[in-house]
Amino acid sequence: MGKTVADLTLDDEHMTVGVADTLQEAAKRLLTISGGIVVVLDDDQRVKGVLGQRQLIKAMSEGVDGEAAQCHEYMEMDFMQVELKDSLKSVLADIQTRSPQAVVAVDENQEFVGYFSPGDYQEAVQLVDNLKGLNL
């Protein structure tokens, strides 16, 4: 039996923010987690983009007013969306092929459920390798 995205712990290493929230709010939320990203959601809890340290620093270096600029103006849109039912083997192959800036997991309604972090990637690789060793 193959492992799926649902077998990973995806509720850590991220915070969420709304598309109309300010960059200042995104920065405050990003500071509450070690590493990770801020996932930008619309009112229907669908992923619209992601913000990491790089996007925030770039905006600040351009002199952007963090209290006025909104997240949707500076979010990274190169993210890959995976579903909880997707096999880890296929997700890992897609990540290697595409190399997105971030990978987010959604449910059957396309609503955000978690962030597939670099740590989750390593865990997925290990799970898939273990299954190969067991000939599963």
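Colleague: I'm new to this one. What makes lysine 58 count as partly exposed?

Modeller: This is a predicted model, and the label comes from a computed area. The relative accessible area of lysine 58 is 44%. Buried means under 20% and exposed means over 50%, so 44% falls in between and lysine 58 is partly exposed.

Colleague: And how do you know that glutamate 62 forms a salt bridge with lysine 58?

Modeller: The closest N and O atoms of the two are 2.8 Å apart. The cut-off is a Lys or Arg nitrogen within 4 Å of an Asp or Glu carboxyl oxygen, so this pair passes. Glutamate 62 has a relative accessible area of 48%, so it is partly exposed too.

Colleague: How many salt bridges does the count come to?

Modeller: The rule gives 5. Another one joins aspartate 78 and arginine 98, with 3.2 Å from N to O. That pair ties distant parts of the chain together: aspartate 78 belongs to the loop between H3 and E4, arginine 98 to helix H4, and they are 20 residues apart.

Colleague: Are aspartate 78 and arginine 98 buried or exposed, or what should I call them?

Modeller: Aspartate 78 has a relative accessible area of 26% and arginine 98 has 41%. Neither value is under 20% or over 50%, so both residues are partly exposed.

Colleague: What about lysine 48, which residue does it form a salt bridge with?

Modeller: Lysine 48 pairs with aspartate 42, and the closest N and O atoms are 3.7 Å apart. The limit is 4 Å, so that still counts. The two ends get separate labels. Lysine 48, at 36%, is partly exposed, whereas aspartate 42, at 16%, is under the 20% cut-off and therefore buried.

Colleague: Aspartate 120 is buried as well. How do you know that it has no salt bridge?

Modeller: Look for a side chain of opposite charge. The nearest is lysine 3, and it is 14 Å away. A salt bridge needs 4 Å, so aspartate 120 has none.

Colleague: Where is aspartate 120 found, then, and what is it in contact with?

Modeller: Aspartate 120 is in helix H5, residues 118–133. Not counting neighbours within four places in sequence, its contacts are Leu8, Thr9, Leu10 and Tyr115.

Colleague: Let's zoom out. How many helices and strands does the protein have?

Modeller: There are 5 helices and 6 strands. From the N terminus, the elements go β-α-β-β-α-α-β-α-β-β-α. Of the 136 residues, 38% count as buried.

Colleague: How are E1, E2 and E3 arranged?

Modeller: They form an open sheet in the order E1-E2-E3, with mixed pairing. E1 and E3 are the edge strands, as each pairs on one side only. The twist averages 30 degrees from one strand to the next.

Colleague: How do you know that E1 and E2 pair?

Modeller: They share 5 bridges, in the parallel sense. At least two are needed, so E1 and E2 count as paired. One example is threonine 16, whose bridge partner in E2 is valine 39. Helix H1 packs on this sheet, touching E1, E2 and E3, and its direction makes about 165 degrees with that of E1.

Colleague: Which residues of H1 are buried?

Modeller: Leu23, Ala26 and Leu30 are buried in H1, residues 23–30. They cover an arc of only 60 degrees around the axis, so they sit on the same side of H1. The buried residues of H1 pack against strands E1, E2 and E3 and helices H2 and H3.

Colleague: And what order do E4, E5 and E6 have?

Modeller: It is E4-E5-E6, again in an open sheet of 3 strands with mixed pairing. Strands E4 and E6 each have a single partner strand, so they stand at the edges with one side lacking a neighbour in the sheet. Neighbouring strands are turned by 30 degrees on average, direction ignored.

Colleague: What makes E5 and E6 a pair?

Modeller: E5 is joined to E6 by 4 bridges, and they run antiparallel. Two bridges would do, so E5 and E6 are paired. Valine 104 stands opposite tyrosine 115 in E6. Helix H4, residues 88–98, lies across E4, E5 and E6, at about 170 degrees to E4.

How values were computed. Residues numbered from 1 in each chain as written. Predicted model: local features only at pLDDT ≥ 70, side-chain atom pairs only at ≥ 80, totals over all residues. Heavy atoms only, no water. Axes fitted to C-alpha atoms, helices over the stretch in contact; angles between N-to-C directions. Contact = heavy atoms within 4.5 Å. Buried < 20%, exposed > 50% of the residue type's maximum accessible area, 1.4 Å probe, protein only. Arc of directions from axis to C-beta. Lys, Arg positive; Asp, Glu negative; His and termini not counted.
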